[in-house]
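Thanks, everyone. I have one structure for today, and I'll keep it short. Let me put it up.

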Amino acid sequence: MVPVAQEVLKARTLLIQGVSTLLRFFPVAACKFCSEVYVGEKGHLIQTCCGYRRRGKNRVHEWISGGIKDILVPVESFHLKTMFQDVIKHHQRFDYNRIPAVVELCCQAGADLRDENLECMPGSDDAQIDSNEAEVISADDLISIANGTLRAWEMLRSSVHKLLLVYPAKVCKYCSEVHVGPSGHKARVCGVFKYQSWRGGHFWKKAEVDDLVPLNVVWFPRPQDPHVLVDEGRNFYGHAPAVVLYLQLQMLEASTHQQIEK
C-alpha cells in the first residue's frame with residue numbers, strides 16, 4: 001500500500017497548491033461567528049448562523065474574507081510512534097505531536113514523510129496577487145489549474161478510501177476528533193455532554209473518508225436563483241462540497257472571461 005500512500009501525499013500537495021493559487025483570484029466568504037462558508041465574495045442572507053453561546057441562534061451571518069482552511073477543513077490526529085503502541089492516556093496527550101490525519105494514515109501505510117507534509121495548511125490565507133502576476137496567469141492557465149486541482153481532490157478521496165480498507169481509523173461519535181489506529185485514545189477532551197464539560201471521553205466508531213477528508217457542504221446557487229441567496233428560498237437551493245463548487249465556478253468564470261476577451 002506504499003504506492004497508494006504516496007499518491008495520497010502527492011494529491012494532497014497538488015490540492016493545497018491549486019486551491020491556494022485560485023484563492024488569489026477568486027474570493028470565498030466565511031462567517032465570523034460560525035463555520036459557515038460561501039463560495040462568492042459577499043455571502044448569502046440565509047439565517048443559519050449558530051454563533052457563539054451569547055448570540056441568538058438562526059441569525060444572518062456576518063461575513064469576512066475566507067481562506068484555504070475554510071474550503072479544505074483541516075483534520076488532525078496524534079502522530080503515533082508505531083501503529084500497535086499502547087493507548088494514549090489523558091496525561092500523555094501533550095507528549096505526542098498533532099499532524100494531519102491523512103498524513104498520519106499514510107505514515108502508518110509506510111510512506112516517507114517530508115517536513116512540508118506535516119503542516120496542516122500553508123501559513124498565510126491572505127496572500128494578495130499583484131498586477132504583474134495577474135498578467136502572467138491567463139484564463140487558460142486558471143482553467144488548467146482548476147481541472148488539475150479537481151482531479152487531485154478526486155484522487156485524494158479515492159486513495160484514502162483504499163487505505164482505510166487496510167489501515168484502521170476511528171472517529172468520535174459525538175465530535176469530529178479522529179484517531180488513526182486500531183483503537184482510539186483516552187484523552188478526555190470531547191465535552192459533548194454539559195455535565196462532563198471538557199473532560200468527557202470520546203465514543204469511538206469506524207472512520208470513513210468524509211471524516212478524514214471532510215466535504216464541507218455549502219449552498220449551491222442555481223442559474224435561476226438571485227445573485228444573493230435569501231432566507232425565503234432556503235428549501236429550494238442546492239448543496240455541494242465547497243471545494244468542488246469552488247473549482248467548478250472558477251472554471252466557469254475563467255471560461256467566461258476568456259470568451260469576452262476573444
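I'll go from the overall picture to one helix, and then to the salt bridges.

First, a caution: this is a predicted model. Read every value I give as computed from that prediction.

Now the overall picture. The chain has 262 residues, and 44% of them count as buried. Its secondary structure comes to eight helices and 10 strands. What about contacts along the sequence? Take those between residues at least 6 apart: 68% of them join residues at least 24 apart. The accessible surface is about 14,800 Å². Carbon and sulfur atoms make up 51% of that surface.

Next, one helix. Look at α3, residues 101-108. How many of its eight residues are buried? Seven, so to speak of it as mostly covered is fair. Here is the list: Ala101, Val102, Val103, Glu104, Leu105, Cys106 and Gln108. Note that Glu104 and Gln108 are on that buried list. Just past the end of α3 comes Gly110, with a positive phi of about 105 degrees.

On to the salt bridges. The count for the model is four. I'll show you three, including Arg98 with Glu177.

In that pair, the closest N and O atoms sit 2.9 Å apart. The two residues come from distant parts of the chain, 79 residues apart. Arg98 is in strand β5, residues 98-100. Glu177 is in the loop between β6 and β7. Which partner is buried, and which is partly exposed? Glu177 has a relative accessible area of 12%, so Glu177 is buried. Arg98 is at 32%, so Arg98 counts as partly exposed. The cut-off for buried is under 20%.

Next pair: Arg157 and Asp210, 2.6 Å from N to O. This one also links distant parts of the chain, 53 residues apart. Arg157 belongs to helix α6, residues 139-164. Asp210 belongs to helix α7, residues 209-212. Here the arginine is the buried partner, because Arg157 has a relative accessible area of 18%. Asp210 is partly exposed, at 38%.

Last pair: Asp231 with Arg234. Their closest N and O atoms are 3.4 Å apart. Arg234 is partly exposed, with 31% relative accessibility.

To recap: α3 is mostly covered. Arg98 and Glu177 link distant parts of the chain, and so do Arg157 and Asp210. And again, the model is predicted.

That's it from me. Over to you.

Note on methods. Residues are numbered from 1 along each chain as its sequence is written. This is a predicted model: local features need pLDDT of at least 70, side-chain atom pairs count only at pLDDT 80 or more; totals for chains, interfaces and linings use all residues. Side-chain values use heavy atoms; hydrogens and water are left out. Helices (H or I, at least four residues) and strands (E, at least two) are DSSP runs, numbered from the N terminus. Buried means under 20% relative accessible area, exposed over 50%, partly exposed in between (1.4 Å probe, protein chains only). Contact means heavy atoms within 4.5 Å. Accessible areas come from the Shrake-Rupley method with a 1.4 Å probe; for residues, only the protein chains shown count as cover. A salt bridge is a side-chain nitrogen of Lys or Arg within 4 Å of a carboxyl oxygen of Asp or Glu.
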